[in-house]
Amino acid sequence: MSTVSLNQYNPTKGSRILSVGAFRPNRLVGNEELAGPIDSSDEWIQQRTGIVTRQRAEADISLYDMALGAGKQAIDRAGIKASDLDAIVVSTVTFPYPTGSAAALIAGELDITVPAYDISAACAGYCYGVAQADALVRSGMADKVLVIGAEKLSDFVDPTDRSISFLLGDGAGAVVLGAADEPGISKSNWGSKGQEWDMIRMTRSNLDMRDIIEEVERTGDATAITEPGSQGGIWPTLRQEGPSVFRWAVWEMAKVAKQTLADAGVEPEDLAAFIPHQANMRIIDEFAKQLKLPEHVAIGRDIADAGNTSAASIPMAMHRLLEERPELSGGLALQIGFGAGLVYGAQVVRLP
Amino acid sequence: MANKEDILAGLAEIVNEETGLETEEVQLDKNFTDDLDIDSISMMTIVVNAEEKFDVKIPDEEVKNLKTVQDAVDFIANAS
């Protein structure tokens with residue numbers, strides 16, 4: 001038997017966010033544009049969601065374009081070159097190809113050959129990505145990791161859906177994580193509740209869609225696509241049980257957030273910012289109330305004119321907070337994502 | 001089992017805190033949606049606060065059956 005001791009990576013003490021980038025599509029979609037098909041109004045939508053407009057991408061702007069734009073900005077702002085990266089993690093649920101990954105495509109465009117992969121953790125995806133990047137860096141497997149949260153949710157909305165479609169926007173946010181002498185990312189508090197897999201879901205699977213297409217091709221009868229119960233046509237779109245999601249997102253996630261602070265050894269008074277997933281302003285408001293945050297804590301409220309952008313929402317909100325209030329740089333932020341799965345993830349991070 | 005009058009009074013306080021409605025307006029025959037103009041999100045907040053106040057469990061699937069104040073008072077009385 002060989003007695004050779006296998007070489008290992010040399011762990012480093014900490015990691016931190018070095019920079020944040022964002023890509024915001026420039027088509028503003030107001031409530032009036034969406035109110036008709038859901039028999040609603042600007043007032044109804046604002047009152048229930050706090051959303052005034054949402055940013056959506058034109059047809060010729062892809063998820064890949066947005067992810068690449070945010071990623072490049074994060075690389076530039078970190079003062080590094082793409083060739084300095086050791087891994088790319090993209091969180092998305094709207095890249096239209098199950099395989100190959102958006103991350104590999106981005107690595108190719110950046111002309112680097114690092115490990116690159118996508119993760120599917122919906123609105124918790126960015127926090128999942130940060131958890132992984134933190135582990136990669138602290139284990140010594142990587143010195144710098146690009147984490148991107150990107151979504152083109154407007155490709156998966158049904159204009160007649162009153163549960164979630166009118167909340168959704170498009171965009172991308174990205175951070176570069178790098179090794180640091182002092183920890184700049186706390187323990188990640190992440191998990192799942194698969195018992196509620198259906199609470200936020202697609203109307204059908206790709207295989208269901210294939211079956212409908214085959215049925216239509218075989219019979220020449222296209223009513224299967226449009227008949228009642230087809231939920232807006234053949235194309236899979238998103239749905240949610242809004243009130244149940246609200247309950248979970250506020251009261252269950254408030255417990256996760258409090259535990260995250262406790263695990264990090266941080267009191268609410270120590271925070272400079274609270275950056276929750278931008279799901280709905282009512283969730284953000286009630287969440288902040290449950291956490292009893294001191295007044296000085298800045299709260300990410302990007303949703304009012306960006307909409308809910310799933311995995312992109314936290315880095316986009318962080319980017320905006322730092323643009324509007326640069327004095328927050330260097331302070332501690334509690335970030336928490338939660339969504340379809342159900343899945344959640346949270347950390348306290350030092351802002352770049 | 002909690003006294004239904006006490007439950008009504010406690011529920012009225014919770015509704016007042018969430019919506020600003022006067023407690024006297026929260027009467028047994030009122031429908032949460034049609035009469036008190038409480039939307040599904042506010043209703044969930046009221047439910048969670050009622051759970052805490054009366055130490056009961058009100059599952060999500062039960063919430064849609066609580067159409068009137070009477071429904072809520074009866075459910076809480078039976079569950080507590």
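Me: Which residue of S13(A) is the bridge partner of A:Phe274?
Reply: This is a predicted model, in which local features need pLDDT of at least 70, side-chain atom pairs count only at pLDDT 80 or more, and totals for chains, interfaces and linings use all residues. Residues are numbered from 1 along each chain as its sequence is written, while chains are lettered from A and ligands numbered from 1 in the order in which they are written. Strands (E, at least two residues) and helices (H or I, at least four) are DSSP runs, numbered from the N terminus. Across from A:Phe274, the bridge partner in S13(A) is A:Leu334.

Me: How many bridges join S11 to S13 of chain A?
Reply: Two strands pair if DSSP finds at least two bridges between them. S11 covers residues 271-276 and S13 residues 332-339, and the two run parallel. A:Ile275 is bridged to A:Gln335 of S13(A). The number of bridges joining S11(A) to S13(A) is 5.

Me: Which residue of S14(A) does A:Ile336 stand opposite?
Reply: S13(A) and S14(A) run antiparallel and are joined by 8 bridges. Their hairpin has 3 residues between the strands, with A:Gly341 at a positive phi near 155 degrees. Opposite A:Ile336 in S14(A) stands A:Ala346.

Me: How many residues of S13(A) are buried?
Reply: A residue is buried if 20 or more other C-beta atoms, placed from the backbone, lie within 10 Å of its own, exposed if 12 or fewer do, and partly exposed in between. S13(A) is mostly covered. Of its 8 residues, the number buried is 7.

Me: Which are the edge strands of the open sheet that holds S13(A)?
Reply: This sheet has 5 strands with mixed pairing, in the order S8-S14-S13-S11-S12. An edge strand here pairs on one side only. In chain A these are S8 (189-192) and S12 (298-299).

Me: What angle does the direction of H8(A) make with that of S14(A)?
Reply: Axes are lines fitted to C-alpha atoms, for helices over the stretch in contact, and angles run from 0 to 180 degrees between N-to-C directions. Residues are in contact if their C-beta atoms, placed from the backbone, lie within 7 Å. H11 (313-324) of chain A lies across S11, S12 and S13, at about 140 degrees to S11(A). H8 (242-264) touches S8, S13 and S14 (343-350), and its angle with S14(A) is about 40 degrees.

Me: What does the twist of the sheet S1-S7-S6-S4-S5 average from one strand to the next?
Reply: This open sheet of chain A has 5 strands and mixed pairing. Its edge strands are S1 (14-23) and S5 (116-119). From one strand to the next, the twist averages 20 degrees.

Me: Which residue of S6(A) does A:Val89 stand opposite?
Reply: S4 (87-91) and S6 (144-152) of chain A pair in the parallel sense over 5 bridges. The residue of S6(A) opposite A:Val89 is A:Val147.

Me: Which helix gives the most to the side of chain A that touches chain B?
Reply: The contact involves 9 residues of chain A and 9 residues of chain B. H8 and H9 (281-291) of chain A each supply at least two residues of the chain A side. With 6 residues, the helix giving the most is H8(A).

Me: Are H8(A) and H2(B) parallel or oblique to each other?
Reply: H2 spans residues 40-54 of chain B, and its axis lies 9 Å from that of H8(A) at an angle of about 50 degrees. Angles under 35 degrees count as roughly parallel, over 145 as roughly antiparallel, 65 to 115 as roughly perpendicular and the rest as oblique. H8(A) and H2(B) are therefore oblique.

Me: How many nonpolar residues has the contact of H8(A) with H2(B)?
Reply: Nonpolar means Ala, Val, Leu, Ile, Met, Phe, Trp, Tyr, Cys and Pro; Asp, Glu, Lys and Arg are charged, and the others, Gly among them, polar. Among the residues that meet are A:Phe246 and A:Trp251 of H8(A) and B:Met44 and B:Val48 of H2(B). Beside 2 polar and 1 charged, the nonpolar residues number 7.

Me: Is A:Tyr9 buried or exposed?
Reply: A:Tyr9 is in the segment before S1 of chain A. Its C-alpha atom is 5.2 Å from that of A:Gly140, 131 residues apart along the chain. Because A:Tyr9 has 11 C-beta neighbours inside 10 Å, it counts as exposed.

Conventions. Two residues are in contact if their C-beta atoms, placed from the backbone, lie within 7 Å.
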